[in-house]
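I set out to record how one helix sits in this chain and what it packs against. I also looked up one residue outside that helix.

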Amino acid sequence: AASFSRMFVQICLYFYCKCLWRCLKFMVRKLTGRCELQRICYNTKPGAARTMKIGNCKIFSSACLFTFLHGRLNSAAYAVKFVVLKESISFTICLQCNLCIGTCLQQVFCFCEFSCQVEICPRVSFCFQPTLGKNRPLWKCLKPNSPLKARISKQWCEIGFQGDDPKTDFRGMGLLGLYNLVYFAEWDTEIAQQVLSDSLQPKYSVSYSVLKDYKLFTNVAASFSYSYSFAIVGINITDLAYNLLVSGALKTHFYNVAPEAPTLTHFQQTFCYLMHEFHKFWIEEDPLDIMEFNRVREKFHKRILKQLQNPEMALCPHFAASESLVNM
């Protein structure tokens with residue numbers, strides 16, 4: 001009986017996908033006078049929701065078609081021409097709709113291209129001396145009042161590296177981990193210095209006002225275990241951001257903050273946000289010691305994934321989306 005039920009369900013699904021679904025689409029188009037892409041453009045709010053729906057349309061689901069379009073210099077324009085011919089859309093009557101489709105597809109192609117570029121970064125070897133050498137940006141921003149004596153020095157442990165030569169700690173994320181830490185130190189210097197200072201404290205007494213900021217209400221002061229290796233955690237958060245990007249989870253975020261095309265700066269801004277939020281999350285979790293890092297990191301990862309399920313989500317609103325493009 002169970003096998004018969006499964007077979008019956010499969011037959012129904014096959015019939016729906018092959019016949020009924022096509023009939024329903026045909027009827028809706030005849031009633032509304034609009035194809036599926038036009039209905040998405042007119043009925044879906046601009047942003048990630050619209051872009052993801054258009055990108056997932058069956059007309060673009062063919063891997064061969066996507067590869068062909070992705071290889072063109074002006075892939076979005078070719079895609080729009082393909083849609084106009086395939087769906088019999090009047091280009092002159094529905095100019096706004098066609099522009100909308102082109103903008104959304106451009107986002108899809110640019111995100112795929114950007115993901116491929118970022119995927120290469122962890123495997124790229126880099127010249128360590130000019131970037132992390134004596135008095136270079138990372139050290140200079142984090143420790144402005146303490147000059148670095150040499151490139152290989154015990155001083156690197158003060159900002160969370162494991163040994164005298166931090167080059168060995170970057171093997172996991174390579175150039176990407178280095179770029180992110182330097183950007184955080186330069187762009188968010190005050191916050192980076194504060195996070196570093198907190199991370200060096202084995203126990204840190206927190207007043208009621210700070211607890212209130214973190215939504216941990218209590219009538220007495222408390223102590224939190226802040227201690228962790230700042231640089232090593234930064235490389236770990238780079239790995240987290242990298243995995244969110246290559247898995248496609250960051251599509252929602254990038255489609256909302258970068259309607260024209262994402263850049264490495266957008267990714268670095270996302271890293272800064274994740275670094276700051278992880279620090280606050282670490283305080284909320286109040287782990288006993290650094291041995292709980294993997295547990296806290298995994299829990300933080302799940303929280304970010306849940307936030308990214310919201311199509312209106314933008315993790316860090318530092319980059320205001322171009323209104324002219326978003327509203328198109």
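**A residue at a helix end**

I looked up Val257 first and found it buried, with a relative accessible area of 4%. As the cut-off for buried is under 20%, Val257 falls within that class because its value is 4%. The model is predicted, and I read its values accordingly. I located Val257 in helix α13, which covers residues 251-257. I then checked a pair distant in sequence: Val257 and Cys316 are 59 residues apart along the chain, and their C-alpha atoms are separated by 8.2 Å.

**Helix α9**

I next turned to α9, residues 174-187, and compared its length with expectation. At 1.5 Å a residue, its 14 residues should span 20 Å, and the end C-alpha atoms are 20 Å apart, which agrees. I noted that α9 is mostly covered, with 11 of its 14 residues buried. Among the buried residues are Gly174, Leu178, Val182, Tyr183 and Ala185.

**Packing of α9 on α12**

How are α9 and α12 placed relative to each other? I found that α9 packs with helix α12 (residues 230-246) at an angle of about 115 degrees, the axes being 9 Å apart. That angle makes α9 roughly perpendicular to α12. I recorded the crossing of α9 past α12 as right-handed.

I listed the contact residues on each side. From α9 they are Leu176, Gly177, Asn180, Leu181 and Phe184; from α12 they are Phe230, Ala231, Gly234, Ile235, Thr238 and Tyr242. By class, this contact of α9 with α12 comprises seven nonpolar residues, four polar and no charged.

Note on methods
Residues are numbered from 1 along each chain as its sequence is written. This is a predicted model: local features need pLDDT of at least 70, side-chain atom pairs count only at pLDDT 80 or more; totals for chains, interfaces and linings use all residues. Side-chain values use heavy atoms; hydrogens and water are left out. Helices (H or I, at least four residues) and strands (E, at least two) are DSSP runs, numbered from the N terminus. The expected span of a helix is 1.5 Å times one less than its number of residues. Buried means under 20% relative accessible area, exposed over 50%, partly exposed in between (1.4 Å probe, protein chains only). Axes are lines fitted to C-alpha atoms, for helices over the stretch in contact, and angles run from 0 to 180 degrees between N-to-C directions. Angles under 35 degrees count as roughly parallel, over 145 as roughly antiparallel, 65 to 115 as roughly perpendicular and the rest as oblique. A crossing is left-handed if the near helix is turned anticlockwise from the far one by less than a right angle, and right-handed if clockwise. Contact means heavy atoms within 4.5 Å. Ala, Val, Leu, Ile, Met, Phe, Trp, Tyr, Cys and Pro count as nonpolar, Asp, Glu, Lys and Arg as charged, and the others, Gly among them, as polar.
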